[in-house]
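Trainee: Please take me slowly through one single part of this model, and then tell me how the rest of the chain is put together around that part. I am new to the structure and would like every term explained as it comes up.

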Amino acid sequence: MADCIFCKIAAGEVNAKVVYEDADTLAFLDLNPQAPAHALIIPRRHLPRLAAAEDIDAGLLGKLQLTAVKTAKLLKIETAFRLVTNNGKAAGQSVDHLHYHLLGGRKLLWPPG
Ligand code: AMP
């Protein structure tokens, strides 16, 4: 998608602090971290949000979770982390490219606001 900032990061056209990448997924540090460790896990392929995923995307959705675990290990938060996606504006989604927030490095409260 021409106008998508995360597509540009995936294509290497916009700089990001990449923690992990493979053929289908990418993990990079959030510009505005909400915890000592805060990475975003995205598919390289543009999917606007989780609710836009279809049955054919099942493998990709699984890979995103495995990328989150690999990233958690690289960030040394594998024993305690939160993986969350904001789906839709009212849920806090501000970038229309599917992404999971991987947060850790501090006590995480529940429920989130
Ligand atoms: P959300 O509000 O759930 O859509 O999350 C979008 C996240 O993307 C926010 O936490 C932003 O801080 C982060 N963000 C936006 N642009 C960039 C960027 N160029 N590099 C890294 N993180 C970004």
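**One strand and its surroundings**

Mentor: The accessible surface of the chain comes to about 6,900 Å², and 56% of that surface belongs to carbon and sulfur atoms (areas by the Shrake-Rupley method with a 1.4 Å probe, where for residues only the protein chains shown count as cover). This is a predicted model, in which local features need pLDDT of at least 70 and side-chain atom pairs count only at pLDDT 80 or more, whereas totals for chains, interfaces and linings use all residues. Residues are numbered from 1 along each chain as its sequence is written, and side-chain values use heavy atoms, leaving out hydrogens and water.

The chain holds 2 helices and 5 strands (DSSP runs, numbered from the N terminus, with H or I over at least four residues for a helix and E over at least two for a strand), and read along the sequence they follow the pattern α-β-β-β-α-β-β. The radius of gyration is 13 Å, close to the 13 Å that the globule rule gives for 113 residues, so the chain is as compact as a globular protein of that length (taken over C-alpha atoms, the rule being 2.2 Å times the number of residues to the power 0.38). Along its principal axes the C-alpha trace spans about 35 × 30 × 25 Å.

The part I would choose is strand S2, residues 25–29. Of its 5 residues, 4 are buried, which leaves S2 mostly covered (buried is under 20% relative accessible area, exposed over 50%, partly exposed in between, with a 1.4 Å probe and protein chains only); over the whole chain, buried residues make up 36% of the 113. On one side, S2 runs antiparallel to strand S1 (residues 18–21), joined to S1 by 3 bridges (strands pair if DSSP finds at least two bridges between them). Within this pairing Glu-21 stands opposite Leu-26, while Val-18 stands opposite Phe-28, and the two strands form a hairpin with 3 residues between them. S2 also pairs in the antiparallel sense with strand S3 (residues 37–43), here over 5 bridges, and in that pairing Thr-25 faces Pro-43 of S3. In a regular strand the side chains alternate between the two faces of the sheet.

Two residues elsewhere help to fill in the picture. Ala-72 belongs to helix H2 (residues 58–74) and is buried, with a relative accessible area of 0%. Not counting residues up to four places away in sequence, Ala-72 touches Ile-77, Glu-78, Phe-81 and Leu-102 (contact means heavy atoms within 4.5 Å). Trp-110, by contrast, is found in the segment after strand S5 (100–104) and counts as exposed at 67% relative accessibility; its C-alpha atom is separated by 27 Å from that of Val-19, 91 residues apart along the chain. Among contacts between residues at least 6 apart in sequence, 57% join residues at least 24 apart.
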